[in-house]
Amino acid sequence: MRSLSASAPSKLILLGEHAVVYGHPALAVALRHPQAQATVSEAGRDAAVCVELKDFSLRWNSGHGAPTAVTRSFARILEMSGRRFKAVPERGWTLSVSSDIPLGCGLGSGAAVSCAAFQAIFGYFNVPCTPQVLSDMVYEVEKLHHGTPSGIDNTVISMGRPVLFRKGEAMRFLSVPKAPFFLVIGYTGKAHKTSEIVAEVAKAKAADPAKYDAIFKEIGELSSRGAEAFQKGLFRELGKLMCRNQELLEELGVSSLELENLVRAAMEAGAFGAKLSGAGRGGCMAALVESADSAARVRSALESSGAAMSIVTEILHHENA
Ligand code: MEV
């Protein structure tokens, strides 16, 4: 039986979440782990396309019944693939999807699953697709769940490279520093809904625009400075910028006691910098460290401070993509 598999990375915002929604720059990297996987395999020629969601032990037959909240993205992926590319038939294949990325934790699980699914479909049916087209298609699926996402998740995940992202502008790919560094991620165990948190921030901003505009502007400046520090391998500097960004995220009201506990634990264990990453209120935080030993120390500090899960990971970039 013929089949083709693809994977897509998770993403981590090092600086700039929330401000990026309002047109300020944000610095994000694609992560080698965790990741999402998708496989397209041959099925009976007349069989309706079946989507298997392995993590949910769920099978959805595209011909039968309306999609649910869980399968809605896949209905959109099938519809977009078929509409855009004639080579993708309406019957005779199965799409199986799984992901190691916890849902609603700020690591871009939805965008990674969509990206892996599109890549498996296009690979299987020999449809050429540039990273930009892929990113645009993932964005369309993201809109189903996040309303008006900034576009950072689909961009960094589809490109698989560190970027300084600014809505509506050409993306700036960043070179990867030669000096080694590690990222340690701590997950609070509390999933969040990005669209709800973004909407609450928008409401708070409408009530006090001057305060929020000033915070977003400063966050944007941290991201631009962070991009330079990142490329030069100035991790101590980058760490300081992350800590300042955390303070500003706390002022925005998107942090939480659990996140702050983990950030504090990472800093006490020797991280250069630590902050929540993604929409906040739960989800995950990330710490920047210089060595494998330091990463192990920070990871163990996160685990003893209540992290539901922790990961030491490295970034993905075009040379090792
Ligand atoms: C979510 O990963 C990051 C936010 O800035 C929302 C967005 O950029 O769409 C909170």
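Biologist: In which strand does P34 lie?

Modeller: P34 belongs to β2, residues 26-42. Strands are DSSP runs of E of at least two residues, and helices are runs of H or I of at least four, both numbered from the N terminus. This is a predicted model, where local features need pLDDT of at least 70, side-chain atom pairs need 80 or more, and totals for chains, interfaces and linings use all residues. Residues count from 1 along each chain as its sequence is written, and side-chain values use heavy atoms, without hydrogens or water.

Biologist: What kind of peptide bond joins H33 and P34?

Modeller: A cis bond, with omega at about -5°.

Biologist: What stands out about the phi of H18?

Modeller: H18 is not a glycine, yet its phi is positive, about 70°. H18 sits in the loop between β1 (3-15) and β2.

Biologist: What makes the H18 pair with the ligand a polar contact?

Modeller: A polar contact with the ligand is a pair of N or O atoms within 3.5 Å. A backbone N or O atom of H18 is 2.9 Å from a ligand oxygen, so the pair qualifies.

Biologist: Which side chains also pair with a ligand oxygen?

Modeller: That of S150, at 2.5 Å, and that of D153, at 3.3 Å. Both distances fall within the limit, so both pairs count. Alone, the ligand exposes 300 Å², and the protein buries 95% of it. Those areas are Shrake-Rupley values with a 1.4 Å probe.

Biologist: Which residues surround the ligand?

Modeller: Among them are K11, I13, E17, P149, I152, V198 and A279. Each counts because a heavy atom of the residue lies within 4 Å of the ligand.

Biologist: Why is the crossing of α1 and α2 called right-handed?

Modeller: The near helix is turned clockwise from the far one by less than a right angle, hence the label. α1 and α2 (residues 109-124) pack at about 35°, axes 11 Å apart. Axes are lines fitted to C-alpha atoms over the stretch in contact, with angles from 0 to 180 degrees between N-to-C directions.

Biologist: How do you know which residues make that contact?

Modeller: Contact means heavy atoms within 4.5 Å. F74 and L78 of α1 qualify, as do A117 and F118 of α2, among others.

Biologist: At what angle do α1 and α3 cross?

Modeller: Roughly 145°, with the axes of α1 (72-84) and α3 (131-146) coming within 10 Å.

Methods:
Polar contact = N/O pair within 3.5 Å; in protein donor to acceptor, adjacent residues only side chain to side chain.
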